[in-house]
Amino acid sequence: MNEPTPQAHRGIFLCLTLAALSAVSCASHGPLATAKVAQAERAVEDAQQAGAAVSAPLEFRTAQDKLKAAQAAMTKGNHEWAIQSAEQAAIDGEYARALAANQRVNTMSDEMNQYIKVLRQELERLPK
């Protein structure tokens, strides 16, 4: 039987090294994917608590859908897709929360303007 040549040894070593690096790379995505999904879950929850389901329903639904996609990708072990979907879900959740907060501020501003208008009318009625 023939002995493997040094060139064959290098080829085998290279293949084993690449396989090990690939496995380490995939394994290192797991904790990052878990963290990104948790971040997205918090962003969607914050949006819901801010009233985004009513104030920004389209944006809120988009965030929920992307979060579900991230969670499904995690379940399947597709960490790269989970990270990407979770990052998008977090951004969409934050956007939905911001829209809800903006609407709330605008409503308060309108109410304050109405209150000021009524006060001015009352002041005009007072004898001078």
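**View 1. Gln103 sits in helix α4.** This legend, like those that follow, describes a predicted model. Gln103 has a relative accessible area of 38%, so it counts as partly exposed, a class that lies between the 20% and 50% cut-offs. If you look for a partner far away in sequence, try Ala56: Gln103 and Ala56 are 47 residues apart along the chain, and their C-alpha atoms are separated by 9.0 Å.

**View 2. Here is helix α4 from end to end, the element that holds Gln103.** Helix α4 is built from 47 residues. Its first and last C-alpha atoms lie 69 Å apart, close to the 69 Å expected at 1.5 Å a residue. Several of its residues are buried, and it is worth picking them out one by one: Ala82, Ile83, Ser85, Ala86, Ala89, Ala90, Asp92, Gly93, Ala96, Ala100 and Ala101.

**View 3. Ser85 is another residue of helix α4.** Its relative accessible area is 3%, so Ser85 is buried, the cut-off being under 20%. Setting aside residues up to four places away in sequence, you will find Ser85 touching Lys66, Ala69 and Ala70.

**View 4. The largest nonpolar core of the chain has 16 residues.** Four of them touch the most other members: Ala40, Ala52, Phe60 and Leu67. Three helices each supply at least two residues of this core, namely α1 (6-49), α3 (57-76) and α4 (79-125). As background, nonpolar side chains tend to be buried together in soluble globular proteins.

**View 5. Ala40, one of the core residues with the most contacts to other members, is shown with its partners.** Once neighbours within four places in sequence are left aside, Ala40 is in contact with Leu67, Ala86, Ala89 and Ala90. Leu67 also appears among the four core residues that touch the most other members. Ala86, Ala89 and Ala90 may look familiar from the second view, as they are among the buried residues of α4.

**View 6. Stepping back, the protein chain shows four helices and zero strands.** Along the sequence the pattern reads α-α-α-α. Of the 128 residues in the chain, 20% are buried. Consider the contacts between residues at least 6 apart in sequence: 73% of them join residues at least 24 apart. The chain exposes about 9,500 Å², and carbon and sulfur atoms supply 60% of that area.

Definitions and conventions. Residues are numbered from 1 along each chain as its sequence is written. This is a predicted model: local features need pLDDT of at least 70, side-chain atom pairs count only at pLDDT 80 or more; totals for chains, interfaces and linings use all residues. Side-chain values use heavy atoms; hydrogens and water are left out. Buried means under 20% relative accessible area, exposed over 50%, partly exposed in between (1.4 Å probe, protein chains only). Contact means heavy atoms within 4.5 Å. Accessible areas come from the Shrake-Rupley method with a 1.4 Å probe; for residues, only the protein chains shown count as cover. A nonpolar core is a set of buried Ala, Val, Leu, Ile, Met, Phe, Trp, Tyr and Cys residues joined through side-chain atoms within 4.5 Å. The expected span of a helix is 1.5 Å times one less than its number of residues.
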